[in-house]
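This report concerns selected features of a single protein model. A surface patch, a polar contact and a paired strand are taken in turn.

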Amino acid sequence: MRAGIPISAVAALLLVSHHGLAVADELDDVIAADESASSTTVALPQFTPTSLKAPFLEQFTSNWSERWTPSSAKKDDKDGKEEMSYVGKWSVEEPTVLKGLAQDLGLVLKSPAAHHAISAPFPEPIDNTDKTLVVQYEVKLQKGLECGGAYLKLLSADTVAGVEAQEFSNNTPYQIMFGPDKCGATNKVHFIFRHRNPKTGEYEEKHLTAPPPSKITKLSTLYTLIVNPDQTFEIRINGDKAKSGSLLENFTPAVNPAAEIPDLEDLKPADWVDTPQIPDPTATKPADWDEDAPMTVPDMDVEKPEDWLEEEPEYIPDPDAEKPEDWDDEEDGDWIAPTVPNPKCETASGCGPWIRPLKRNPDYKGKWSAPLIPNPDYKGIWEPRKIANPDYYEDLTPSNFEPIGAIGFELWTMQNDILFDNIYVGHSVEDAEALAEETWKVKYANEKAEEEQNIKATPEPPKQDSKGNVSPWKEDPLGYASQQLDMFYQIFIRDPRSALEMMPEVATAIIVGLVSLLATIGGLLAWLTAPAAKPSQVVKKAAENVKADAKAKKEQGQVVEKERIVAEETTASPVALAEEEKVTRRSTRRAE
């Protein structure tokens, strides 16, 4: 029977998957409590609000609720139908894992596996015409990030003026989307900007090609986006450059369409030759070229082992097997004993007909074909002529975004307790760097020191991949698998296509598991319902020979007996016949 996944194991896996999220949350709470208990006893520096000024700067001080408004809107799906409500809760609190500053508050996403949306208007709309735009903020993944986003959106000013903050949703127009996003194998830092077609007035999202990966860590991570008026951009992670390029060259689809496009009415001429090489018409097959030579031939250097038992079958009828009492030859056919390995073959090199192994034929050349030569009539690869693109336009300053009026987080994530802090939106790279120096840099150093202290107290430190991210699979394979299955399920019930696209490895594992399970069940049923196996030709022939010999001996015995009787009758003496006649008459008289 084929090997597969035991049914009990599948049931257990499904049970773990169903309850995996709740268990994971409980474990995270225990881990967080343990980390808090094991934190350093050294007094942390006190958080002090910055004195820097910017068009928008948020450190979530005591009056934060006057600026930020959670959304209660409905989230629309791709078809415009209402799908989910933004029921995720928000809170402003200190971190529970690896604190870097005392009394340092941040905006915390509190609900796992839920849609969250919250926004804050700018004091004045930001006009970036011919200016440098700097967007910077901190992300702290207190429970890691397996599937979800932690990016922000800069909302269009005209939309903010006409829409209530409570109605902020995925359909609210934005100018820039920036920040980390991860689910399964997908891990990247988004940079998307919406660009208005000056000819049609329609908007189109421009996505950064080959975005850098985000950092999945419980330490505070600083994400910085700088867009310069010369159309260049730079993405920094923890102050280090992670990606740079041009708005005009590194986005898909491109900001500006092609000036010329192929003429769809231009057809390739019938006599156009686009075959670069042709068989040499002057070439002839060599006289010694044998197309019929086989690819392989018997290896004459190999000899049959001396102990090879060519007359012995590999399997023989089981001598201990007996024909069932209820076996009916007419209905069930001739009964044939099941086979067992021939014990004589166990100590020999092999049994049955010996076949010489094959080797590659040194004379094999295959079918002959003429060598290729340059085609004298070759004209090259045909392409239709170019014509002016009627939809062409040229925007050389896409960094002149439309006025920005608010900032928002519109997220769905499986993990909760994601903390955001020290948000800067302005025009000064120097001010953003200064803010990072007095906030992120100080807290990061303290968080790092505490993390290293905790690692020293741990017998086995967490495994990390090549990018420095913690590998939950190596730490806890069963827990990681359970969490991945639960994540896939939560995404699948909302959007099956997104689940397959974002977590293809989980979908593949589920399919393989189901196929193995079905194969196991099928193999078991086939084994239970299949009739007695048919013997091999060698065994069947041996059985037929045994039966034929027995039948021949039986027939020969009958012939001998008949010949003996005839011989006795033909060679009996007169005295014997007379005696036999007397006995017969005597028996007759007694009967009378």
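The model is predicted. Helix α9, which spans residues 504-529, contains Ile-521. With a relative accessible area of 34%, Ile-521 is partly exposed, because the value lies between the limits of 20% for buried and 50% for exposed residues. Ile-521 also belongs to a nonpolar patch on the surface, together with Leu-518, Leu-524, Leu-525, Trp-527 and Leu-528. The accessible area of these residues together is about 640 Å².

A second site lies in the loop that connects β13 (203-208) and β14 (221-227), where Ser-214 is found. Ser-214 has a relative accessibility of 2% and therefore counts as buried, the cut-off being under 20%. A polar contact of 2.3 Å links the side chain of Ser-214 to the side chain of Asn-187.

The third feature is strand β26, formed by residues 404-413. This strand is mostly covered, as ten of its ten residues are buried. Strand β26 pairs with β7 (residues 114-126) in an antiparallel arrangement, and with β10 (residues 152-156), likewise antiparallel. The table lists both pairings.

| Strand paired with β26 | Bridges | Residues standing opposite |
|---|---|---|
| β7 (residues 114-126) | nine bridges | Ile-118 and Phe-409 of β26 |
| β10 (residues 152-156) | four bridges | Leu-154 and Ile-407 of β26 |

Within β26, Phe-409 thus faces Ile-118, while Ile-407 faces Leu-154. Both Phe-409 and Ile-407 belong to a strand in which ten of ten residues are buried.

Methods. Residues numbered from 1 in each chain as written. Predicted model: local features only at pLDDT ≥ 70, side-chain atom pairs only at ≥ 80, totals over all residues. Heavy atoms only, no water. Patch = residues over 30% accessible without salt bridge, like charges linked within 9 Å, V, L, I, M, F, W, Y side chains within 5 Å. Areas by Shrake-Rupley, 256 points an atom, 1.4 Å probe, with all protein chains shown as cover. Salt bridge = Lys/Arg side-chain N within 4 Å of Asp/Glu carboxyl O. Helix = DSSP H or I, 4+ residues; strand = E, 2+ residues; numbered from the N terminus. Buried < 20%, exposed > 50% of the residue type's maximum accessible area, 1.4 Å probe, protein only. Polar contact = N/O pair within 3.5 Å; in protein donor to acceptor, adjacent residues only side chain to side chain. Pairing = 2+ DSSP bridges.
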